[in-house]
Amino acid sequence: MLKVSGKNLLNVCKLVFKISRNEKNDSLIQNDRILDSLLEILRAEDLQANSEAFLYCMGAIKFISGNASLITEMVNKGTVEILVQLMKQINEINENDAQFSSLGHLLVQLTATLRNLVDLPQSRCKLLDSGAIPELCLMLEKCVSDKDVCTNVARIFSKLSSFNDCCTALADCSRCYVLFLALLNKHPKKQDLVVRIIFILGNLTAKNNQARENFFEAQGSIDTLVALFQTHCEADCNGKLWKDDGELKNFKRLSEAEDVLIKLIRVIANLSIHPSVGTSLATNHQIVALLITVLEYKSVDDCEELVINTTATINNLSYYQVKNSVIQEKKLYIAELLLKLLMSSNMDGILEATRVFGNLSQYHEICDFIIQRKVYKFMIALLDAKHQDVCFSACGVLINLTVDKSRRSILNEEGGIRKLIDCLRDFGPTDWQLACLICKTLWNYSENIPTAVPCFEEDDCNTLLILLASYLDEELALDYSFDSDLRDYHKLYWETEFKPVAQKLLQRIQN
């Protein structure tokens, strides 16, 4: 096969392409070293002189890569490196050149093959080592109008960005954010492309504060997200979605628009972790209005992930107590909407709703709402959940309520004091942050009580005296198995946060 050239090479490649289309011939390909010959063509022959032969050769390799049992062999034979080298060669051609346009079908086959190979861990290492990620970004930039190439590359990046090393490498490509925004604006109605790019952006911004800032600062980033949010929110409400040709179609699956919304709201939630970005988003009327719209028309039973993601995003934004905060402006309406989720049987949803109340209960209007609507009874009940995060969030609400001495008596209801003490006993040694919060709540409750009146019932007093004395003994308190980093953090929090308030509470009870 390697001894032929020109038209003969083209004919041979056409023949192998036809053979490879039938998976029954995979054993023939494996045994007769056909793959080696195909890879040698891509590696050694001249692309410009044999572009049509390359197309059939690449098409055959793509079909072979569809066989999971052959992928490892393909990677071991250097397929990834050869394809990346070919991609670099194509990227060197000016996109306005007629030759570049003629290679569009070849690029579709090349990127489809890489997508098939990318599932293997050794493929990902080779892609990183060969500098594939910047080359794929450059190809996207050159082929922004080619939906098939863009979709294949988006599929590659959506897989790669799920792994930390690859995600970091992609985040380091400074133009990737502008590029992804360009694709979203160019193909807003191509569902499979949009959902993958939004997923990639969610991965990029999940743990990387610099990525959050870089995306936010890219021109039109938030406007693009808002436009997509509006389009898919309306589509989800109406049960319709755009076809690729721009016409409306009915949903085959209601989850099509929901899928975009879930991933898009995750991006907003990730962005809002960055202090300056979160502050800006908290004052964005369109974003907050759309998040509220989702809570208005969706219940956690309709779409659990969508409602929980939306509530988590509102929680992130409610953290920022800034001038012109739309969350602050709409806080009472948001609280009303969250009652439905709080009263559901979905513990993840309850946790996120409680977290929002934890932030919003710093405002006296929300504290009044919590008292008037008996939400505090539910917060006390959540202390029984035996779920550390839920207890922490419920305790956060209770501590805000008990800042005002007129509300402190609520802890006498529903066995509130006893439940706080139970939480302290159950979780204290493994979570000094929660233990500190419980002690602060008990401190608030017992403040300004006349000295002649005991702060707590006798049984509660005795239990607290034993617990606090034990937890204030450093040797006993820190005798838990953690790795070294966590142990140091654990000790620091015990010394700086828990110990001072626990000592004061113990002294008050003893007196």
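**Note on the predicted model: core, helices and loops**

1. Phe180 is a good place to begin reading this structure, which is a predicted model: leaving out residues up to four places away in sequence, Phe180 touches Leu140, Phe157, Leu170, Ile197, Ile200, Leu201 and Leu204. Phe180 is also listed, together with Phe157, Leu204, Phe229, Phe357 and Phe498, among the residues with the most contacts inside the largest nonpolar core, a set of 181 residues. The largest share of this core, ten residues, is supplied by helix α28.

2. Helix α28, which spans residues 432-446, also holds Asn444. Asn444 counts as buried because its relative accessibility is 12%, and the cut-off for that class is under 20%. Beyond the residues up to four places away in sequence, Asn444 touches Ile399, Thr402, Val403 and Arg408.

3. Ile265 belongs to helix α17, residues 255-271, and it counts as buried because its relative accessibility is 0%. With neighbours within four places in sequence set aside, Ile265 is in contact with Phe229, Leu291, Val294, Leu306, Asn309, Thr310 and Thr313; one of these, Phe229, is also named among the residues with the most contacts inside the largest nonpolar core. For a sense of distance, the C-alpha atoms of Ile265 and Lys77 are 42 Å apart in space, and the two residues are 188 apart in sequence.

4. Helix α5, residues 68-76, has Leu70, Ile71, Met74 and Val75 as its buried residues. Because these residues cover an arc of only 140° around the axis, they lie on the same side of α5. Ser69 and Asn76, on the other side of α5, are exposed. Just after this helix comes Gly78, which takes a positive phi of about 85°.

5. The pairing of helix α19 (residues 285-297) with helix α22 (residues 331-342) can be described by its geometry and by its residues. The two axes come within 10 Å and cross at roughly 35°, and the crossing in which α19 passes α22 is left-handed. From α19, the residues Ile292, Leu295 and Glu296 meet Tyr333, Ile334, Leu337, Leu338 and Lys340 of α22. Sorted by class, this contact has six nonpolar residues, two charged residues and no polar ones.

6. Ile93 and Arg115 both merit a look, the former in a loop and the latter in a helix. Ile93 lies in the loop between α6 (79-91) and α7 (98-102), and it is classed as buried because its relative accessible area is 11%, where the class requires a value under 20%. Leaving out residues up to four places away in sequence, Ile93 touches Gln99, Phe100, Leu103 and Lys142. The C-alpha atoms of Ile93 and Lys126 are separated by 24 Å, with their positions 33 residues apart along the chain.

7. Arg115 has its place in helix α8, residues 104-117, and this residue is buried, with a relative accessible area of 15%. Apart from neighbours within four places in sequence, Arg115 is in contact with Arg155, Ile156 and Lys159. The C-alpha atoms of Arg115 and Ala154 are separated by 9.3 Å, although these residues are 39 apart along the chain.

8. Where does Asn324 lie, and is Asn324 buried or exposed? Asn324 is placed in the loop between α20 (304-318) and α21 (326-329), and it is exposed because its relative accessible area is 56%, the cut-off for that class being over 50%. Its phi is positive, at about 70°, although Asn324 is not a glycine.

9. Lys374 is another residue other than glycine with a positive phi, in this case near 60°. Lys374 lies in the loop between α24 (364-372) and α25 (375-382). With a relative accessible area of 45%, Lys374 is partly exposed.

Terms used. Residues numbered from 1 in each chain as written. Predicted model: local features only at pLDDT ≥ 70, side-chain atom pairs only at ≥ 80, totals over all residues. Heavy atoms only, no water. Helix = DSSP H or I, 4+ residues; strand = E, 2+ residues; numbered from the N terminus. Buried < 20%, exposed > 50% of the residue type's maximum accessible area, 1.4 Å probe, protein only. Contact = heavy atoms within 4.5 Å. Arc of directions from axis to C-beta. Core = buried A, V, L, I, M, F, W, Y, C linked by side-chain atoms within 4.5 Å. Axes fitted to C-alpha atoms, helices over the stretch in contact; angles between N-to-C directions. Left-handed = near helix turned anticlockwise from the far one by under 90°. Nonpolar A, V, L, I, M, F, W, Y, C, P; charged D, E, K, R; others polar.
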